[in-house]
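Thank you all for making time this morning. I would like to walk slowly through one structure, beginning with a detail in the backbone and widening out from there. Please have a look at the sequence and the model before I go on.

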Amino acid sequence: NRWLDAGYDRMELMDSATQVAPGAAETVVSIKQRWRAPGADKFVVHQHRYRLTAAGGLQVENTFVIDKKLPELPRIGVNLVLPPDLEQMEWFGRGPWENYADRKRSAMLGRHRTTVTADYVPYILPQEYGNKTDVRWLRLDNGRGRGLTFCGAPTMSASASHFTAADLFAAKHTTDLVSRPEIYVNLDHAQRGLGTCSCGPDTLAKYRLQPGDYRLDFRIQT
């Protein structure tokens, strides 16, 4: 309820500024955005910088400055939308099943492979699923060599789904969900731990995400 009261589900973009710095070795595009949590009337400043090299590499640098009067956060990261045919999913990180900061002991560090559709976890009450921690890289492709690889710097949390977070939150049962053709990818600096708040004590303090300054860097390659 604290997240809903603050308005984390309906953040408002207040202003955005873009700067482009072309160069022989690389072109840098910087975007600075200020988002307002309407329920709390406090702000999150997100600056993302894209470094495109002459060789075709793309380095992405994200910084987040979160007003310390906001409540703790569910996650800190970015979301991307990819074409439907990038269904094959492979990663080097913890797996093969979903795992979180406070629930990953059974998930082994290694190279894992599945599909976006098969990674779905059919919870009776639909909710977030499929997160992978300690991810060095995540690749999504069409099975014929065409796709994208996201490389952490050095690690990140990641997931891919045919549902948006809003789809999952709005559904009351698995039958309420309608799979979307496109693929929604989450790349996170961190997620809040799960805890057992639905039937016991809340998440331990060390697994919570408090407001402050954070950074998420990754590289995109084909």
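Let me start with Pro-154, which is found in strand β9, where strands are DSSP runs of E with at least two residues, helices are runs of H or I with at least four, and both are numbered from the N terminus. The peptide bond that joins Ala-153 to Pro-154 is cis, with omega about 5°. A cis bond also leads from Gly-95 to Pro-96, with omega near 5°, and Pro-96 lies in the loop between β6 and β7.

Before going further, I should say that this is a predicted model, in which local features need pLDDT of at least 70 and side-chain atom pairs count only at pLDDT 80 or more, while totals for chains, interfaces and linings use all residues. Residues are numbered from 1 along each chain as its sequence is written, and side-chain values use heavy atoms, with hydrogens and water left out.

Now the chain as a whole. The protein chain has two helices and 11 strands, and from the N terminus on its elements run α-β-β-β-β-β-β-β-β-β-α-β-β. Along the principal axes, its C-alpha atoms fill a box of roughly 60 × 45 × 30 Å. The radius of gyration of the protein chain is 18 Å, which agrees with the value near 17 Å for a compact globule of 222 residues; that radius is taken over C-alpha atoms, and the globule rule is 2.2 Å times the number of residues to the power 0.38. Of the 222 residues, 40% are buried, where buried means under 20% relative accessible area, exposed means over 50%, and partly exposed is in between, with a 1.4 Å probe and protein chains only. If we take the contacts with a separation of 6 or more, 62% of them are between residues 24 or more positions apart, a contact being heavy atoms within 4.5 Å.

Next, the backbone again, with two residues whose phi is positive. Asp-41, which is not a glycine, has a phi of about 55°, and it lies in the loop between β2, residues 26–37, and β3, residues 42–53. Asp-41 is partly exposed, because its relative accessible area is 43%. Asp-134 also has a positive phi, near 55°, but its place is in strand β8, and it counts as partly exposed because its relative accessibility is 22%.

Asp-134 takes us to an open space in the model. Which residues line the second largest pocket? They are Ala-101, Lys-104, Asn-131, Thr-133, Asp-134, Thr-155, Met-156, Ser-157, His-189, Ala-190 and Gln-191. A pocket here is an open set of points on a 1 Å grid over the protein atoms alone, with protein on both sides within 12 Å along at least five of seven lines, whereas a cavity is a set where a 1.4 Å probe fits but cannot get out, and lining residues have an atom within 4 Å of a point. This pocket holds about 160 Å³ of space, where grid points are joined across faces, edges and corners, and a volume is the space filled by probe spheres set on the points. At least two lining residues come from each of β8, β9 and β10, the last being residues 183–191.

One of the lining residues, Asn-131, deserves a closer look. Is Asn-131 buried or exposed? Asn-131 is buried, because its relative accessible area is 1%, and it is found in the loop between β7, residues 108–115, and β8. Its side chain makes a polar contact of 3.0 Å with that of Gln-191; a polar contact is a pair of N or O atoms within 3.5 Å, and within protein one must be able to donate a hydrogen and the other to accept it, while residues adjacent in sequence count only if both atoms are side-chain atoms. Leaving aside residues up to four places away in sequence, Asn-131 touches several residues, among them Glu-98, Tyr-100 and Ser-159.

Finally, the enclosed space. The structure holds one cavity of 30 Å³ or more, and the largest cavity contains about 40 Å³ of space. Its lining includes Met-89, Trp-91, Asp-119, Lys-132 and Ser-159, and the elements that give two or more residues to this lining are β6, β8 and β9. That brings us back to β9, the strand of Pro-154, where I began.
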